[in-house]
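This briefing is meant to be read with the structure in view. Locate each residue as it is named.

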Amino acid sequence: MPKPITELTKDLRKFIEEGRAAAGPKIVMSLQEEGPWWTGNFGELWELGMQPIKPTVNNEREWEKLSSPSPRNISERPALKVPFGSPLYIGNLSDYAGFAVNRSGAKKDGQTYAEFARDRRITPPQGVRWYDVYTLNGGLLDDLNKGFASVQIR
């Protein structure tokens, strides 16, 4: 039996809450799989939260002595359902998160990511901004679509 039209706003609100909750872990998984990393540690520190994610995990290490990156430890995060109208935050706990995603002005040991990459002749080339790569090239929208497509409306 069809529902009355007065139920539409409740159903839409529920769909948005559940779709966003389902999309969060998919976004984190993409960031772990496709994002920048040297040792795998950065990818492991993507989190979902009801508050902005603060970069509080110190990852001090001797970068020059690393012989090769370690395997990534990718794990799916549980869905986090937040009330309609409240934000769902996705961020990285690493204290060098801004540097790793090449945020403008972010530095580690006095260098921006672009300077670090140039000096060591590593990819991506100078000027690449990971946030733009993910958000402007369809990655974010693909993950949102996957999350919302998994929600069943009853």
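Glu7 and Lys10 form a salt bridge, and their closest N and O atoms are 3.6 Å apart. The model that shows this pair is a predicted one. Six salt bridges are found in the structure. The points below cover several of these bridges, a nonpolar surface patch and the surroundings of one arginine.

**Salt bridges of Glu7, Lys10, Lys3 and Asp11**

- Glu7 has a relative accessibility of 26%, so this residue counts as partly exposed.
- Its partner Lys10 counts as exposed, because its relative accessibility is 53% and the cut-off for exposed is over 50%.
- Another salt bridge joins the side chains of Lys3 and Asp11, with 3.1 Å from N to O.
- Lys3 is partly exposed, at 44% relative accessibility.

**The Asp143 and Lys146 pair**

- Asp143 and Lys146 form a salt bridge in which the closest N and O atoms are 3.7 Å apart.
- Both residues belong to helix H6 (residues 139-149), where they are three residues apart, so about one helical turn separates them.
- Asp143 is buried, because its relative accessible area is 2% and buried means under 20%.
- Lys146 has a relative accessible area of 48% and is therefore partly exposed.
- Elsewhere, Lys14, Glu18 and Lys81 are joined into one network by salt bridges that share partners.

**A nonpolar patch on the surface**

- Ile5, Leu8 and Leu12 make up a nonpolar patch on the surface.
- Together, these three residues have about 310 Å² of accessible area.
- Leu8 is part of helix H1 (residues 8-34).
- The relative accessible area of Leu8 is 44%, so Leu8 is partly exposed.

**The surroundings of Arg77**

- Arg77 sits in the loop between strand E1 (46-49) and strand E2 (89-92).
- Is Arg77 buried or exposed? Arg77 is buried, with a relative accessible area of 11%.
- A polar atom of the Arg77 side chain lies 3.0 Å from the backbone oxygen of Trp46.
- The side chains of Arg77 and Glu47 are joined by a polar contact of 3.3 Å.
- Leaving aside residues up to four places away in sequence, Arg77 touches Pro25, Val28, Gln32, Glu44, Leu45, Trp46, Glu47 and Leu48.
- Trp46 and Glu47, the two residues named in the polar pairs above, are thus among the residues that Arg77 touches.

Definitions and conventions:
Residues numbered from 1 in each chain as written. Predicted model: local features only at pLDDT ≥ 70, side-chain atom pairs only at ≥ 80, totals over all residues. Heavy atoms only, no water. Salt bridge = Lys/Arg side-chain N within 4 Å of Asp/Glu carboxyl O. Buried < 20%, exposed > 50% of the residue type's maximum accessible area, 1.4 Å probe, protein only. Helix = DSSP H or I, 4+ residues; strand = E, 2+ residues; numbered from the N terminus. Patch = residues over 30% accessible without salt bridge, like charges linked within 9 Å, V, L, I, M, F, W, Y side chains within 5 Å. Areas by Shrake-Rupley, 256 points an atom, 1.4 Å probe, with all protein chains shown as cover. Polar contact = N/O pair within 3.5 Å; in protein donor to acceptor, adjacent residues only side chain to side chain. Contact = heavy atoms within 4.5 Å.
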